[in-house]
Amino acid sequence: MKPPLSIQITALGSYSPARVVTNDELSHRVDTSDEWIKSHTGIAVRHLAAELETTADLATKAVENLLANHGRTAAEIDGIVVATATPDYPGFPSTACLLAQRFGIKGPALDISAGCTGFIYALEVGRAMIITGAMKNALVVGSETLSSVVDWDDRNTCVLFGDGAGCALLESRQEQEGILDTYLKAEAAGAEALVIDPKSRTIKMDGRSVYSFAVRSIGQAIETLLKRNNLDFEDIAWIVPHQANQRIIAACAKRLGIDVQKFYLNIEQYANTSAASIPLALAEMQEKGLLKEGNRLLLVGFGAGLTYGGTLLTWHQY
Ligand code: ACO
């Protein structure tokens with residue numbers, strides 16, 4: 001399944017809001033404890049947006065970070081795809097258009113709604129639009145202010161989520177092997193298991209069914225991508241999963257019979273930032289020097305919809 005053009009991630013950026021909220025702080029509001037949250041999810045702290053800080057504001061900071069880190073300018077960017085479940089405006093304009101306005105970008109700009117799988121979906125939309133010629137390159141962003149839709153009195157959900165933004169620049173580089181394959185699915189029979197309730201505008205979740213869906217779907221995405229590209233686990237340097245719950249990843253590793261160390265995890269510091277979690281993790285890995293030239297990476301997401309999927313790519317240093 002070799003794409004006609006080789007599309008690469010050539011730059012990454014991220015932003016986490018300054019305010020850090022500990023598990024102990026949450027235990028003053030709901031009946032929970034640091035011990036329960038850590039042992040059931042792996043989360044120690046989460047970053048939360050300031051009162052007037054929106055999803056577009058976090059995304060703006062992440063894009064500024066990408067441009068500064070990689071010596072790029074906004075004038076070089078053509079199109080924007082934003083994955084978010086928490087857009088600034090409920091219908092329109094899209095968060096992508098708000099970014100386009102701030103950075104003076106004139107190409108296509110659109111939002112993707114695919115819950116926590118949003119970044120994986122958005123990467124594929126960006127890749128496809130470059131291939132068709134609709135965009136010269138694509139700024140793919142995952143940005144969320146989940147704190148604005150969390151019911152802070154519901155201990156089942158309020159401990160799980162955080163705010164943040166990450167982004168990747170997708171460009172065509174014909175000489176190198178980039179994104180090799182993408183797998184996208186929706187198991188929509190479970191659509192009501194994870195919703196933002198239209199009346200209360202807060203997250204309602206059937207945690208147990210999402211948990212078992214997550215373990216099953218991550219495994220399926222990983223196995224499918226490896227099998228249809230004739231690769232084994234040894235060929236993959238890192239699996240970068242959506243960061244929802246450390247126990248989900250441990251159960252998935254066990255089911256696949258692989259070492260959990262193969263998965264990059266940073267949920268301890270950020271909690272579940274939905275569509276932002278994968279680009280946040282990638283940017284952090286790059287900062288730590290963990291992404292090496294020629295590494296094969298498997299990005300895998302799952303979330304509301306219920307959607308899931310993965311991206312297999314070869315990493316190059318730029
Ligand atoms: N503190 C203390 N106790 C709690 C808390 C809490 N924060 N939350 C739930 N409990 C209690 C429950 O009330 C329940 O008590 P009960 O037995 O008296 O009813 C008990 O803990 C056990 O509840 P379970 O649901 O069995 O707990 P579990 O071990 O399954 O963990 C969790 C719950 C963490 C939510 C887990 O089911 C999970 O991770 N599910 C997936 C969630 C997820 O990933 N969601 C995001 C998907 S991505 C997206 O698109 C947003």
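**Notebook: odd backbone spots, the largest pocket, the ligand**

I started with Leu 306, which sits in the loop between S12 and strand S13 (307–314); helices (H or I, at least four residues) and strands (E, at least two) are DSSP runs, numbered from the N terminus. I'm working on a predicted model, where local features need pLDDT of at least 70, side-chain atom pairs count only at pLDDT 80 or more, and totals for chains, interfaces and linings use all residues. Residues are numbered from 1 along each chain as its sequence is written, and side-chain values use heavy atoms, with hydrogens and water left out.

Back to the loop: the peptide bond from Gly 305 to Leu 306 is cis, with omega near -10 degrees. I noted a cis bond from Phe 92 to Pro 93 too, with omega near 0 degrees. Pro 93 belongs to the loop between strand S4 (79–83) and helix H4 (95–103). Then I checked phi: Arg 201, not a glycine, has a positive value of about 55 degrees. Arg 201 is in the loop between S9 and S10. I flagged these because most residues other than glycine have a negative phi, and most peptide bonds are trans.

Next, the largest pocket (an open set of points on a 1 Å grid over the protein atoms alone, where a 1.4 Å probe fits, with protein on both sides within 12 Å along at least five of seven lines; lining residues have an atom within 4 Å of a point). I get about 1000 Å³ of space in it, counted as the space filled by probe spheres set on the points. It has 46 lining residues, and Thr 157, Leu 160, Phe 161, Leu 194 and Met 205 are the closest to its centre. I split the lining into 23 nonpolar, 17 polar and six charged residues, with Gly counted as polar and Cys, Tyr and Pro among the nonpolar. H7 gives the most to the lining, four residues. Domain 1 (6–173) and domain 2 (179–314) both give lining residues, so the pocket lies between them; the bounds come from an automatic or database domain assignment.

Last, the ligand. I find 25 residues around it, with Thr 32, Cys 116, Arg 208, Asn 245 and Arg 247 nearest (a heavy atom within 4 Å). For polar contacts (N or O pairs within 3.5 Å), a polar side-chain atom of Arg 208 is 2.5 Å from a ligand oxygen. An N or O atom in the side chain of Asn 245 is 2.6 Å from a ligand oxygen. The ligand alone exposes 1000 Å², and the protein buries 76% of that (Shrake-Rupley, 1.4 Å probe).

How values were computed. A polar contact is a pair of N or O atoms within 3.5 Å; within protein, one must be able to donate a hydrogen and the other to accept it, and residues adjacent in sequence count only if both atoms are side-chain atoms.
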